[in-house]
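Reader: Hi! I'd like to go through a structure with you before I set anything up. Could you put it on screen?

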Amino acid sequence: MIWRAACAFAFGLVTALYARNAAACSCGVPGLESALTRPDETWGVRIAETQSFAHGQWNARGAYRALGAGEHDRTFELLALAALRPTSRLELSVDGRYGERSLSNATSTAAVRGADDLLFHARFELLRESMPWAPGIRLPALALIGSLRAPTAARADGLSLGLGTWEYALGAAVEQSIGRFRLGALAEVADRASDTSLGVERTLGPRALGQLVAWYWPDPRLVVSASTSLTWEGDASVQGRSAPGSGTRLWLVGVGSSFRAVGSNVRPGIALRYAPPAPDVGINVVGGAAVELSVAYTR
């Protein structure tokens with residue numbers, strides 16, 4: 001399936017390369033929950049394909065174990081996102097996903113295919129960055145971000161493509177331009193509702209996310225990015241009792257690129273994410289690498 005996204009990416013890139021009157025564009029790039037649309041646009045759509053491959057896992061003590069021969073944990077996912085900007089400061093979006101995951105280890109083999117969780121996002125640009133020529137102290141841009149995850153994911157053979165419960169998240173993103181560079185930081189916290197997706201009452205622990213991103217424009221038409229993030233989740237509880245040692249921690253690094261020229265509404269992009277297999281970094285998580293190819297169209 002990845003060849004189709006590759007073809008779409010190549011088509012979008014060629015379209016953009018041949019567009020005339022190219023100019024700088026601070027379009028959203030994978031990372032930091034960037035807005036899909038610009039303040040002067042009203043709507044946009046984005047289609048992406050992601051393939052993830054696990055290289056190992058961390059246990060509750062942070063010890064890392066690489067997957068052995070014959071073991072695998074692979075995920076394929078298609079995403080369709082639609083965004084609407086009712087005002088120049090507010091963007092509302094929803095994305096639906098369809099995927100499949102297959103898992104094989106020494107004790108079991110399982111697979112699941114179907115819809116993933118449905119995600120709703122709202123991003124409000126509370127403060128806009130001061131212009132370079134503005135007098136006084138330059139203020140960075142500040143955006144408030146809210147999201148809602150609905151538990152619509154398929155489940156089979158003990159695997160699930162989604163979280164299995166409702167999640168409510170709030171965050172804030174700060175961005176500042178320095179010449180051709182732009183630096184950003186995101187902080188987000190989330191709470192999860194109780195559910196019975198495992199057959200018993202459980203409550204997943206709260207989640208916190210911190211992320212740093214740097215963008216660079218080597219050419220007014222092209223932007224590249226690098227990011228690092230740390231996600232922490234508290235201990236879950238089962239039937240009203242806390243389950244010590246069930247919390248998780250995951251460190252990810254990533255790079256991304258997006259191309260867009262004035263005169264073309266097409267924006268192809270690529271993103272790579274990787275969880276370094278260092279001991280004592282992850283807790284109760286699977287580490288892997290993921291590649292995402294995408295094409296966006298905004299007006």
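Reader: Thanks! Let me start with Tyr64: what is its relative accessible area, and how does it count?
Author: Happy to help. This is a predicted model, and in it Tyr64 has a relative accessible area of 24%. Tyr64 is partly exposed because that value lies between the cut-offs of 20% and 50%.

Reader: And Trp58, buried or exposed?
Author: Trp58 is buried, at 5% relative accessibility.

Reader: How are the rings of Trp58 and Tyr64 placed relative to each other?
Author: Their centres are 5.1 Å apart and the planes make an angle of 55 degrees. The pair is called tilted because 55 degrees falls between the limits of 30 and 60 degrees.

Reader: How many aromatic pairs are there?
Author: The count comes to 3.

Reader: New topic: Glu129. Where is it?
Author: Glu129 sits in the loop between strand E6 (118–127) and strand E7 (141–150).

Reader: Is that side chain buried or exposed, going by the residue's relative accessible area?
Author: Glu129 counts as buried, with 13% relative accessible area.

Reader: Which polar partner does the Glu129 side chain have among side chains?
Author: Arg182: a polar contact of 2.6 Å joins the two side chains. The Glu129 side chain also reaches the backbone nitrogen of Ser177, at 2.8 Å.

Reader: What else is Glu129 in contact with, beyond its neighbours within four places in sequence?
Author: Besides Ser177 and Arg182, the list has Arg138, Leu139, Pro140, Ala141, Glu175 and Gln176.

Reader: Back to the strands on either side of that loop. How do E6 and E7 pair?
Author: They pair in the antiparallel sense over 9 bridges. As one example, Phe124 stands opposite Leu144 in E7.

Reader: And which way does strand E4 run against E6?
Author: Strand E4 (residues 90–104) is antiparallel to E6, and 6 bridges join them. Glu91 has Arg123 in E6 as its bridge partner.

Reader: Last one: what is the strand order in the open sheet of 3 strands?
Author: The order is E12-E15-E16, with antiparallel pairing. Strand E12 (202–203) and strand E16 (241–242) are the edge strands, each pairing on one side only.

Reader: How many bridges are there between E15 and E16?
Author: There are 2 bridges between strand E15 (residues 237–238) and E16. In one of the pairings, Ser237 has Ser242 in E16 as its bridge partner.

Reader: Great, that gives me what I needed. Thanks!

Definitions and conventions. Residues numbered from 1 in each chain as written. Predicted model: local features only at pLDDT ≥ 70, side-chain atom pairs only at ≥ 80, totals over all residues. Heavy atoms only, no water. Pairing = 2+ DSSP bridges. Helix = DSSP H or I, 4+ residues; strand = E, 2+ residues; numbered from the N terminus. Phe/Tyr/Trp six-rings, centres within 6.5 Å; stacked < 30°, edge-to-face > 60°. Buried < 20%, exposed > 50% of the residue type's maximum accessible area, 1.4 Å probe, protein only. Polar contact = N/O pair within 3.5 Å; in protein donor to acceptor, adjacent residues only side chain to side chain. Contact = heavy atoms within 4.5 Å.
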